[in-house]
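User: I would like to go through the labels used for this model and ask what each one rests on.
Analyst: Here is the model; ask about any of them.
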Amino acid sequence: MKFKIKVYNLICILLFINHKSIKMKKLINLFLVFCMSFSYAQQRMYVGLHYVTVKNEDAQAHIDSEKKYFSKLHKQAIDNGSKIGWDMWRLENPRYGEPHTTFVYAHLEDPENLYNYSGGEEIFSENELKMARDRWGERVVKSGSVMSSYKGGFVPAANQDPPKFVVLDWMMVNPLDFYEYEQTELKTFLPLQKSNKKVKGWGLHKIVSPRNNNIDAASYIVARFFDSISDIYDMMDQTSPMNKTMLATYKNILSLRKIKRSHVLSLVLSER
């Protein structure tokens with residue numbers, strides 16, 4: 001509670017200094033994201049994941065288009081305070097012989113300001129934007145999205161790009177166990193992840209998109225960030241003896257959730 005009051009007081013001071021400055025508004029947004037590095041969930045944040053698949057031969061053209069056009073639109077939305085952040089990732093563990101490349105866009109959103117952004121006319125002409133969007137649609141073979149709510153974790157400083165790799169574990173959890181599962185992850189496994197020097201960031205996300213009565217759908221996503229793919233392999237290679245307390249802890253978490261799938265992603269582009 002004391003931490004929240006101090007944050008609120010500091011924001012009031014910043015607003016008093018210059019309440020009309022867009023740069024100041026951006027600073028406040030970045031400061032709020034940074035605060036989440038030191039708390040479980042001081043600020044609510046949605047993370048929308050947009051999966052987009054293109055043919056392998058179109059992958060580089062897709063990246064070039066995102067870099068030239070769409071990343072700049074997301075940056076504009078971030079600068080005017082209507083978005084927190086945006087990342088573009090590439091799926092690194094597709095099925096064997098997969099002729100397609102899958103990209104994952106992470107949209108960091110304020111729940112109170114969701115999808116409240118538009119524009120782009122100041123950067124590109126209407127015809128240029130239409131051409132870029134048309135070609136984007138022509139390259140995409142399939143796409144899908146899911147919205148999640150950030151429940152807690154530790155993240156890089158707000159003005160820094162995320163680490164180069166992330167592992168997304170999609171968890172199946174019985175709705176009756178939601179509360180116990182969240183508390184177990186945040187109070188027991190979050191400190192363990194923070195003590196692991198190879199893990200550069202960790203976050204628990206609850207999927208808030210309707211599941212359409214699909215009992216086999218994932219309910220949570222656990223994101224673990226790393227500097228390199230070798231750090232992921234090294235972490236997976238660790239096999240250590242467990243005492244009785246740790247053994248009981250792992251048995252408990254295994255009884256609460258089941259990993260449906262794991263995605264290894266590498267960072268392509270990022271805007272903050």
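User: Which residues are on the face of α6 turned away from its buried side, and what makes them exposed?
Analyst: The model is a predicted one. On that face α6 carries Y233 and D237. They are called exposed because the label requires over 50% relative accessible area.

User: Which residues of α6 are buried, and why are they said to line one face?
Analyst: D231, I232 and M235 are buried in α6. Viewed down the helix axis, the buried residues of α6 fall within an arc of 105°, so they line one face.

User: What do the buried residues of α6 pack against?
Analyst: They pack against β5, β7 and β8.

User: Why is the set with L49 and W89 called a nonpolar core?
Analyst: The set is called a core because its members are buried residues of the nonpolar types listed for a core, joined through side-chain atoms within 4.5 Å. This largest core has 22 residues, and L168 is one of those with the most contacts inside it. Strands that each supply at least two residues include β1, β4 and β8. Apart from this core lies another, of 21 residues, with F189 and I253 among them.

User: How is the lining of the largest pocket divided by class?
Analyst: The lining has 18 nonpolar, 7 polar and 4 charged residues. The pocket has a volume of about 970 Å³. Among the lining residues closest to its centre are F189, R224 and M235.

User: Which element gives the most to that lining?
Analyst: α5 does, with 5 residues.

How values were computed. Residues are numbered from 1 along each chain as its sequence is written. This is a predicted model: local features need pLDDT of at least 70, side-chain atom pairs count only at pLDDT 80 or more; totals for chains, interfaces and linings use all residues. Side-chain values use heavy atoms; hydrogens and water are left out. Buried means under 20% relative accessible area, exposed over 50%, partly exposed in between (1.4 Å probe, protein chains only). Helices (H or I, at least four residues) and strands (E, at least two) are DSSP runs, numbered from the N terminus. On a 1 Å grid over the protein atoms alone, a cavity is a set of points where a 1.4 Å probe fits but cannot get out, and a pocket is an open set with protein on both sides within 12 Å along at least five of seven lines; lining residues have an atom within 4 Å of a point. Grid points are joined across faces, edges and corners, and a volume is the space filled by probe spheres set on the points. Ala, Val, Leu, Ile, Met, Phe, Trp, Tyr, Cys and Pro count as nonpolar, Asp, Glu, Lys and Arg as charged, and the others, Gly among them, as polar. The arc is that of the directions from the helix axis to the C-beta atoms. Contact means heavy atoms within 4.5 Å.
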